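This briefing is meant for a reader who is meeting this structure for the first time. Please keep the sequence and the model in view while working through the points below.

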Amino acid sequence: MVVKKAAPLKTSPLKDKKLLFLGSSVTYGSAAGGVSMADHIRGLDGCRVVKEAVCGTTLADRSPDSYVSRLKRVDTDQDFDAVICQLSTNDASRRIPLGAVGDSRDTFETDTVAGAMEAIIAYVQDTWSCPIVFFTNTKFDSPEYQVMVDILPLLQEKWGIHILDLWNDDEMNNVGADKYALYMSDAIHPTRAGYLLWWTPKFQACLYELIGES
């Protein structure tokens, strides 16, 4: 199947909004020529997008390219209407310790998954005072990623984050074998068709509801 370039929407609730996408290869679009849902939303919805995505990186702050480290290098003079953060599969594949959601709102064990996520949330809220959305992958065989998904409601209860949970989305995970082969390059990375036809509508619906009327 050839995926044609989608025509911009005549009107969009996201027009002129500014979004920061923070992630790794899934956010980058590594199996789709570097084109992900972030790029499709930019083109379709007429919004401004900063895509801070580096393949192979982790939430946990264990290298200069971690999510935590890169977020702190984003220009703080610009304003964002929302930050959309990938629940990285790399933390799961590398078996980074999960850690726990703590009582503190300013001290975090950022070398763990939970601590890094809390640090990201606190930084976004303190710096830009905008909503933050954590999104998951669609389901694949990974008990380690499952426990990362399971901790999201605890973070939501503490911090008021928003969750785009593709992992537990029956509609997303019950596509037939033919469509799955079209949409996914492997168990983790969508194809260009997967981003445009399968993932992007879910992101649009989430963001329309979250910031479309703001």
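Threonine 89 is found in helix α4, which covers residues 89-93, and it offers a convenient place to begin reading this model, which is a predicted one. From there the briefing turns to the sheet, to one of its strands in detail, and to two helices that pack on the sheet.

**Threonine 89**
- Threonine 89 has a relative accessible area of 6%, and because this value lies under the 20% cut-off, the residue is counted as buried.
- When residues up to four places away in sequence are left out of the count, threonine 89 touches Asn137, Phe140, Tyr145 and Ile188.

**The sheet as a whole**
- The model contains an open sheet of 5 strands, arranged in the order β2-β1-β3-β4-β5 and paired in parallel fashion.
- Strands β2 and β5 (162-164) stand at the edges, and because each has a single partner strand, one side of each is left without a neighbour in the sheet.
- On average, and with direction ignored, neighbouring strands of this sheet are turned by 20° against each other.

**Helices packed on the sheet**
- Helix α5, made of residues 113-128, packs on the sheet and touches β1, β3 and β4 (132-135), while its direction makes about 155° with that of β4.
- Helix α6, made of residues 143-159, also packs on the sheet, where it touches β4 and β5, and its direction makes about 150° with that of β5.

**Strand β1 and its surroundings**
- Strand β1 spans residues 18-23 and is mostly covered, with 6 of its 6 residues buried.
- Lys18, Leu20 and Leu22 point one way from β1, whereas Leu19, Phe21 and Gly23 point the other way, and all of them are buried.

**Partners of β1**
- Strand β1 is joined by 6 bridges to strand β2 (residues 48-53), and these two strands run parallel.
- Within that pairing, phenylalanine 21 has lysine 51 of β2 as its bridge partner, and glycine 23 has alanine 53 of β2 as its bridge partner.
- Strand β1 is also joined to strand β3 (residues 82-86), in this case by 4 bridges, and these strands likewise run parallel.
- In the pairing with β3, leucine 19 stands opposite alanine 82.

Definitions and conventions: Residues numbered from 1 in each chain as written. Predicted model: local features only at pLDDT ≥ 70, side-chain atom pairs only at ≥ 80, totals over all residues. Heavy atoms only, no water. Buried < 20%, exposed > 50% of the residue type's maximum accessible area, 1.4 Å probe, protein only. Pairing = 2+ DSSP bridges. Contact = heavy atoms within 4.5 Å. Axes fitted to C-alpha atoms, helices over the stretch in contact; angles between N-to-C directions.
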